[in-house]
Amino acid sequence: MSPMSDRPNPSAPVHRSGFACFVGRPNAGKSTLTNALVGTKVAITSGRPQTTRHTVRGIVHRPDGQLVLVDTPGLHKPRTLLGQRLNDLVRATWAEVDVIGFCIPADQKVGPGDRFIAAELAEAKRTPKVAIVTKTDLVDPQTLVQQLLAVQKMGEDVGIEWAEIIPVSAVGDSQVTLVADLLVPLLPAGPPLYPDGELTDEPEMVMAAELIREAALEGVRDELPHSLAVVIEEMIPREDRPADKPLLDVHANLYVERPSQKAIVIGHKGGRLKDVGTRARKQIEALLGTPVYLDLHVKVAKDWQRDPKQLRKLGF
Ligand SMILES: Nc1nc2c(ncn2[C@@H]2O[C@H](COP(=O)(O)OP(=O)(O)OP(=O)(O)O)[C@@H](O)[C@H]2O)c(=O)[nH]1
């Protein structure tokens with residue numbers, strides 16, 4: 001603990017800093033809330049700083065504190081080696097972060113999916129947990145009150161005492177600041193962990209790979225849940241370009257497990273892959289501030305999720 005936190009002066013403003021992660025079932029609104037909090041268009045700001053093994057999604061800089069939002073993959077029934085590793089990673093993250101935000105959409109009844117996560121979450125006894133009821137713009141006030149009560153009850157059922165229960169609409173920009181207001185006091189006292197203005201410290205290649213992966217999964221997430229990995233083979237400035245007209249060559253491989261998945265990614269007459277490439281290219285250009293030539297190849301790496309050697313190669 002830093003000496004700052006021991007100082008018995010309640011009137012002096014204490015700077016706090018630490019890590020938070022959002023959990024919740026798919027589509028609960030975690031990414032949207034993250035982006036709203038961070039307040040940037042760079043949707044995927046990932047990083048693996050020395051201080052944590054986890055991917056940084058975004059950093060909220062405030063005068064009173066710095067909130068580093070880290071990513072966890074979804075918890076799910078482990079059927080493969082990758083599934084097991086992901087679940088282990090989730091649990092490790094929950095034990096290491098300073099606060100967990102459990103996102104529950106306001107417009108859907110608390111269900112078995114939520115209860116499964118809540119029961120697992122209850123095991124992370126030492127980490128404070130905040131319940132965040134998202135998408136409040138989609139419901140009327142009465143439904144919202146019912147949902148807040150249901151979330152309270154779910155906590156009681158599994159033995160979680162929520163530090164806070166916060167309704168928020170990231171899309172409607174309602175109470176987003178309040179989420180940070182309530183999370184920051186739960187962080188330990190300490191100086192900022194990252195320089196001001198920094199959104200991520202991930203090497204550009206990994207960020208580019210994530211942008212491509214996101215683009216490739218768009219609309220086909222259900223068909224390709226964890227079956228897609230992206231590896232940037234090469235990222236080099238094109239030679240012989242005038243200084244005012246640079247071009248960055250990015251060559252990436254998209255690995256899927258089965259030929260049927262390859263067909264999904266590529267699409268009819270390659271149309272889908274072309275779209276994926278265009279979208280990912282624009283985002284990489286926005287991210288790096290330079291024109292990009294993006295070259296994508298889809299490869300089948302059979303059963304890569306079950307093969308430790310392949311997993312390592314693909315960065316898991
Ligand atoms: N109306 C409304 N829609 C929202 C809000 N927040 C998120 N959404 C929508 O809900 C959907 C899911 O949001 P995401 O932020 O991608 O959810 P997620 O929890 O990150 O989903 P996964 O990445 O699948 O785990 C998207 O279509 C969002 O636009 C909100 O505050 N209001």
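**Exercise 1. Find which residue of β6 is the bridge partner of Val 133, then follow the chain from β5 to β6.**

Solution. Let's start right at the bridge: Val 133 has Pro 167 of β6 as its partner. Keep in mind that we're working with a predicted model.

Step 1: trace the route. After β5, the chain runs through helix α4 (residues 141-158) and arrives at β6, a β-α-β crossover that is right-handed.

Step 2: check how the strands pair. β5 and β6 (residues 164-167) are joined in the parallel sense, over 4 bridges.

**Exercise 2. Now look at β4: in which sense does it pair with β5, and over how many bridges?**

Solution. Step 1: β4 covers residues 99-105, and its pairing with β5 is parallel, with 6 bridges.

Step 2: pick out one spot along this pairing. Opposite Lys 129 of β5 you'll find Ile 100.

Step 3: add the helix. Together with β4 and β5, helix α3 (residues 112-121) makes a β-α-β unit, and that one is right-handed.

**Exercise 3. Work out how many residues of β5 are buried, and which ones sit on each side.**

Solution. Step 1: count. β5 spans residues 129-134, and 6 of its 6 residues are buried. To call a residue buried, you need 20 or more other C-beta atoms within 10 Å of its own.

Step 2: sort the side chains. In a regular strand they alternate between the two faces of the sheet.

Step 3: apply that here. One side of β5 has Lys 129, Ala 131 and Val 133, while the other has Val 130, Ile 132 and Thr 134. Both faces are covered.

Step 4: zoom out. Across the chain's 316 residues, 33% are buried.

**Exercise 4. Which residues come nearest to the ligand, and which helix gives the most to the shell around it?**

Solution. Step 1: there are 17 residues around the ligand, and Gly 29, Lys 30, Ser 31, Thr 32 and Val 171 come nearest.

Step 2: helix α1 (residues 30-38) gives the most to this shell, with 3 residues.

Step 3: split the shell by class, and you get 5 nonpolar, 9 polar and 3 charged residues.

**Exercise 5. Which elements have the highest and lowest mean pLDDT, and where does pLDDT stay under 50?**

Solution. Step 1: our friend β5 has the highest mean among the elements, at 98, and helix α9 (residues 308-313) the lowest, at 60.

Step 2: look for the weak stretches. pLDDT stays under 50 over residues 1-5, and also over residues 40-53.

Step 3: compare with the whole chain, which averages 81, with 78% of the residues scoring at least 70.

Methods:
Residues numbered from 1 in each chain as written. Predicted model: local features only at pLDDT ≥ 70, side-chain atom pairs only at ≥ 80, totals over all residues. Buried ≥ 20, exposed ≤ 12 C-beta atoms within 10 Å, placed from the backbone. Helix = DSSP H or I, 4+ residues; strand = E, 2+ residues; numbered from the N terminus. Pairing = 2+ DSSP bridges. Right-handed = clockwise from strand over helix to strand, strands pointing away. Near = placed C-beta within 6 Å. Nonpolar A, V, L, I, M, F, W, Y, C, P; charged D, E, K, R; others polar. pLDDT = per-residue confidence, 0-100. Contact = placed C-beta atoms within 7 Å.
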